[in-house]
Amino acid sequence: MTTDSISATTQSVGRNLIAGRWSDAGERLETINPSTGQSIGTYASAGTAEAHAAINSARKTFDETDWSRDPRRRSRAINELADNLERRVDQIALSLSRENGKRIGETQWEVSTTVDWLRYAAASSIILDGGRSSEVAPGVYFQTGREAMGVIGIITPWNSPVILSMRSIGPALAAGCTMVVKMPGQTALTNTLVAEVIAETTSIPEGVVSILTEGGNAVAPALVDSPDVDMISYTGSTHVGRAIAKAGADTLKRLSLELGGKTPLIVFDDADLDVVMQNIVAACTLMNGQFCLTGSRLLVQRSLADKLRPMVIEALSSLRVGPSEDPTSDLGPLIDAASARRVDGIVADAASYGTILVRGGVVDDDERPGGAYYQPSLVEVDRLDVPLVQDELFGPVQTFEIFDDEADAVRMANGTAFGLGAAVFTTNEWRARRVTRNMRAGFVWTNCWGVIHEAFEEGGLKQSGYGLLCGPTAITEFQDTKLYAQVAPQ
């Protein structure tokens, strides 16, 4: 299918799916293509009324049907969902690239990989029951069983809305839950395509999954505050994650939070520099630097710094920022012009405490209009207590920091409030083992970066959140454990 033919079938009006029915209720807002700065459609922004309708339906479906008690049925439903998504990979990928500015190859990967993640969730529904039993004394029997937690509120970000929503939807369905999914207004048309895939999946009963898009802030608080929602699965910023944790305390809400990060790339002087450079560039540019695992800190051993510095300067300076659908673009625009201005201001301020090696900055010309384009920046710093090191930026900006030895590298790498990801580059296997073991991070890579797989857990430490998704643990995030005890009559 060509891009033009896909375009003809791409949505230009965003709607909400509530209990199997389409809704156009809510304020009508525009969705913008950051590659052009122009509107590409409108959508109905859901509000409190739509949130409550979806919650009520999810609660009723969970309480009054046998959805939660039939794992084989759920496995078949998730596989049907995967089949339906697989048929629309190209269409959804194109829509996402136009709405959030990621390069088309990246969005193709996101949607196609989501299919694999759903297949894993489908299998987990019938394989990972989690129960055990034992006769603990003569005639005394104990048994544990896992049961669906109930109604789940899923809140997803705009940078990878397809895979990050399904990362929770898949195991929540496998566990037997019902759910209300709040998706971001920036990707409203893509969200509608995802909702269409769910609506086409006839083996998922009405009321099990509702998809709401909002451009304001009414649906998410409604999910967090509602006593009928048993759990929140949130992916996004640490700032919002803290707010959710505070608000959720009123109803003792179960929470799964994957939050922000400041991933250090630690390069020792024995590292393979070809491998290093490939990963430095990828870690800076993937998702245009708008990724919780963006390699925003480059930590280089002092004996290598003078050699590596000019290599990184040249590599980042030669990158071409361009439209997301242009195959010659090395990275696309940020989500909007406001984000580009924000990142540019942070780099400008960094000149007061660091050395600007590559200034980068906002690009706005005839080929790249709208003000959302940002050429990557590189800043050398020698302090940990500065914003460029401590704050998540969400843009293609890297720091260049110098360490002396292993202990210094570990100290610096762990020197932020975040603990999501870290990567170590060295040809010494046991050095890699030592350093990664001492990293306070949920993801640690050796001589690579950003490699993930649906069969292995994902989650953060410290201020990067808590809870695990993917892997065999994912289904348990959405389940409770019940203990059964029985004493035989004498």
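## Sheets and salt bridges in a predicted model

Glu-406 is partly exposed, with a relative accessible area of 22%; here buried means under 20% relative accessible area, exposed over 50%, and partly exposed in between (1.4 Å probe, protein chains only). This is a predicted model, in which local features need pLDDT of at least 70 and side-chain atom pairs count only at pLDDT 80 or more, while totals for chains, interfaces and linings use all residues. Residues are numbered from 1 along each chain as its sequence is written, and side-chain values use heavy atoms, with hydrogens and water left out.

Let us stay with Glu-406 for a moment. Its side chain forms a salt bridge with Arg-434, the closest N and O atoms being 2.6 Å apart; a salt bridge is a side-chain nitrogen of Lys or Arg within 4 Å of a carboxyl oxygen of Asp or Glu. Because Glu-406 lies in helix 14 (residues 406-413) and Arg-434 in helix 15, the pair ties together parts that are 28 residues apart in sequence. Helices (H or I, at least four residues) and strands (E, at least two) are DSSP runs, numbered from the N terminus. Arg-434 is partly exposed at 41% relative accessibility. Through shared partners, salt bridges join Asp-270, Glu-406, Arg-431 and Arg-434 into one network.

A search of the whole structure finds 29 salt bridges, among them the three tabulated here.

| Pair | N to O distance |
|---|---|
| Arg-88 and Glu-196 | 2.5 Å |
| Arg-320 and Asp-326 | 3.5 Å |
| Glu-406 and Arg-434 | 2.6 Å |

Arg-88 and Glu-196 meet in a salt bridge. Arg-88 sits in the loop between helix 3 (71-86) and helix 4 (89-100) and Glu-196 in helix 7 (residues 188-200), so this pair links parts that are 108 residues apart in sequence. Arg-88 is buried at 12% relative accessible area, and Glu-196 is buried at 12%. Arg-320, by contrast, is partly exposed, at 22%.

Now to the strands, where two strands pair if DSSP finds at least two bridges between them. An open sheet is formed by 7 strands in the order 15-18-19-14-13-21-22, with mixed pairing. Strand 15 (355-358) and strand 22 (443-446) stand at the edges with a single partner strand each, so one side of each has no neighbour in the sheet. On average, neighbouring strands of this sheet are turned by 20° against each other, direction ignored; axes are lines fitted to C-alpha atoms, for helices over the stretch in contact, and angles run from 0 to 180 degrees between N-to-C directions. Within the sheet, strand 13 (residues 264-267) and strand 14 (residues 297-301) pair in the parallel sense over 4 bridges, and Pro-264 stands opposite Arg-297 in strand 14.

Helix 15 (residues 429-437), home of Arg-434, packs on this sheet: it touches strand 13, strand 14, strand 21 (421-425) and strand 22, and its direction makes about 165° with that of strand 22. Contact means heavy atoms within 4.5 Å. Helix 12 (residues 337-350) lies across strand 15, strand 18 (377-380) and strand 19 (397-403), running at about 25° to strand 18.

Closer to the N terminus, strand 4 (residues 27-33) and strand 5 pair in the antiparallel sense over 7 bridges, with Ile-32 bridged to Ser-39 in strand 5. These two strands form a hairpin with 4 residues between them, and Gly-37 in the turn has a positive phi of about 75°. Strand 5 (residues 38-45) also pairs with strand 1 (residues 13-14), in the parallel sense over 2 bridges.
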